[in-house]
Amino acid sequence: MESISVFEIIKVGIGPSSSHTMGPWNAASAFIRIIKRERSIAEVKEVFLEFFGSLAKTGIGHGTDIAGMLGLNGEDFKTINTSKIDEIVHQIKTSEILNLGGEKEIPFVYGHHLVLNMSTSLDFHPNGMIFKAIFEDGIELVQDFYSVGGGFIASQEKNSIEKQCVRTIYPCHHGSDILKYCEKLGFDKMSDLILINEESWRTQEETRKEALYIWENIKECIYKGVNKEGILPGGLNVTRRAAGMNRKLLGEQIYKNKDEWFQQVVDAEENFTNINKWIACFALAVNEENASFGRIITAPTNGASGVIPAVLMYAQAFTPFTSDDDIARFLLVAGEIGTLFKKNATISAAMGGCQAEVGVSSAMAAAGLTEILGGSVGQVLMAAEIAMEHHLGLTCDPIRGLVQIPCIERNTMGAIKAITAANIALESDPAKAKVSLDQVIQTMWETALSMNDRFKETSEGGLAIAVNVPEC
């Protein structure tokens with residue numbers, strides 16, 4: 001089984017969805033590379049893109065169509081000025097011209113060259129799409145892609161696209177592997193093992209640097225979220241709440257930048273109610289940014305992007321464990337737990353419902369928090385198990401296909417469950433646990449397979465149809 005770096009699970013992304021925005025964007029970029037490999041951009045006459053299944057049914061709400069156009073247009077979601085997205089998309093639609101790969105302008109009519117096929121699903125995966133390029137000589141190049149969660153893409157021929165296969169020195173594909181190697185090597189901290197395995201991709205110093213880069217992006221995202229008022233895009237008229245909560249919690253205090261703001265959070269009154277509100281505020285801030293095409297940290301998906309930032313921010317603001325080393329260890333452990341779910345179950349809501357997104361992120365955050373609070377390897381795995389156990393069966397039923405209701409509030413719940421799971425695990429003996437992390441991962445996968453497709457990010461069940469929201 002292939003090893004996965006923790007920074008493939010926790011990474012810089014763009015809202016509103018890793019599977020429905022980042023995945024199609026990555027697929028479009030991959031298709032551009034295939035064209036260049038097979039022929040050249042200059043020889044292309046037209047391109048066509050058709051989305052199927054869940055990508056089509058919730059595509060407008062998730063910005064799937066936008067992601068496809070921007071990816072074909074040669075834009076990179078890691079560097080694009082997010083405030084310019086609407087302008088670029090408007091230009092493509094009104095001019096009916098797309099700058100393929102940023103190199104050649106070709107005709108592009110929305111609804112003709114890009115289609116959302118809501119009546120058909122591809123067999124390989126619910127998140128299917130087909131790209132086609134027609135060259136000037138009439139030859140066609142066709143490629144299928146599938147967005148399998150967390151921004152990862154695959155095709156029927158390949159489980160991953162253009163991705164080098166890596167196997168670590170101590171391959172950890174199950175929780176039992178982690179326990180085995182930590183015992184063999186005499187490690188009391190799970191992160192010591194992960195740090196060694198990450199050397200398959202980069203040096204230990206580079207790994208720590210990447211973790212701190214992620215942390216800075218988390219702080220930046222939360223800071224943006226707590227300072228934006230207004231209504232989220234998409235037509236549901238959902239009001240941003242993080243800014244109001246931040247204002248009430250800080251009172252009349254004034255800050256000029258994210259570092260001054262963070263210090264005021266650290267210095268704020270610490271009681272149970274206030275800390276609870278801060279955790280909710282952090283999660284809301286991230287997911288409100290995500291809902292508006294903001295740059296966020298995908299962990300392991302965008303729909304669940306608020307959980308790990310909220311729990312890590314809680315640890316930095318309200319516990320003594322605030323060093324750079326603590327940040328790195330938190331993220332290493334959280335990311336490794338995410339790889340176990342990806343390899344043995346799914347991190348795609350279109351495959352497993354919201355248990356695969358908020359449930360997995362809660363398990364990841366619980367493990368990371370337990371690690372830095374001094375938990376044993378067994379307690380870290382136990383915390384992840386507890387968090388997932390209490391998300392089993394959670395459906396994905398976004399109203400109007402938007403990553404807003406119930407997604408935004410669900411992240412606050414996932415964060416609180418993660419902290420509770422960590423506290424329970426720290427007071428427990430893992431040897432007496434009746435359910436292991438590996439067992440709960442297997443149970444989650446079996447639950448996913450049994451779940452009706454209406455509750456897997458199709459907006460055809462649950463709250464998505466129970467709440468009647470008129471079109472705007």
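Okay, let's start with helix H18 and what it tucks away: Cys407, Ile408, Arg410, Asn411, Thr412, Gly414, Ala415, Ala418, Ile419, Ala421, Ala422 and Ala425 are buried there. Keep in mind that this is a predicted model.

Quick check on the helix itself. H18 runs over residues 407-426, and at 1.5 Å a residue its 20 residues should span 28 Å; the end C-alpha atoms sit 29 Å apart, so that agrees.

So what do the buried residues of H18 pack against? They pack against helices H12 (272-291), H13 (307-318), H16 (358-372) and H17 (377-389).

Let's take H13. Its axis is 8 Å from that of H18, and the two helices pack at about 50°, which makes H13 oblique to H18. The crossing is right-handed. On the H13 side you've got Val307, Ala310, Val311 and Tyr314, and they meet Asn411, Gly414, Ala415, Ala418 and Ile419 of H18. By type, that contact has seven nonpolar residues, two polar and no charged.

On spacing, a general point: an α-helix has 3.6 residues a turn, so residues three or four places apart point the same way.

Now, H13 also packs with H16. Here the angle is about 20°, with the axes 8 Å apart, so H13 is roughly parallel to H16. This crossing is right-handed too. H13 brings Val307, Ile308, Val311, Tyr314 and Ala315, while H16 brings Val358, Ser361, Ser362, Met364, Ala365, Leu369 and Ile372. The split in this contact is 10 nonpolar, two polar and no charged.

Notes:
Residues are numbered from 1 along each chain as its sequence is written. This is a predicted model: local features need pLDDT of at least 70, side-chain atom pairs count only at pLDDT 80 or more; totals for chains, interfaces and linings use all residues. Side-chain values use heavy atoms; hydrogens and water are left out. Helices (H or I, at least four residues) and strands (E, at least two) are DSSP runs, numbered from the N terminus. The expected span of a helix is 1.5 Å times one less than its number of residues. Buried means under 20% relative accessible area, exposed over 50%, partly exposed in between (1.4 Å probe, protein chains only). Contact means heavy atoms within 4.5 Å. Axes are lines fitted to C-alpha atoms, for helices over the stretch in contact, and angles run from 0 to 180 degrees between N-to-C directions. Angles under 35 degrees count as roughly parallel, over 145 as roughly antiparallel, 65 to 115 as roughly perpendicular and the rest as oblique. A crossing is left-handed if the near helix is turned anticlockwise from the far one by less than a right angle, and right-handed if clockwise. Ala, Val, Leu, Ile, Met, Phe, Trp, Tyr, Cys and Pro count as nonpolar, Asp, Glu, Lys and Arg as charged, and the others, Gly among them, as polar.
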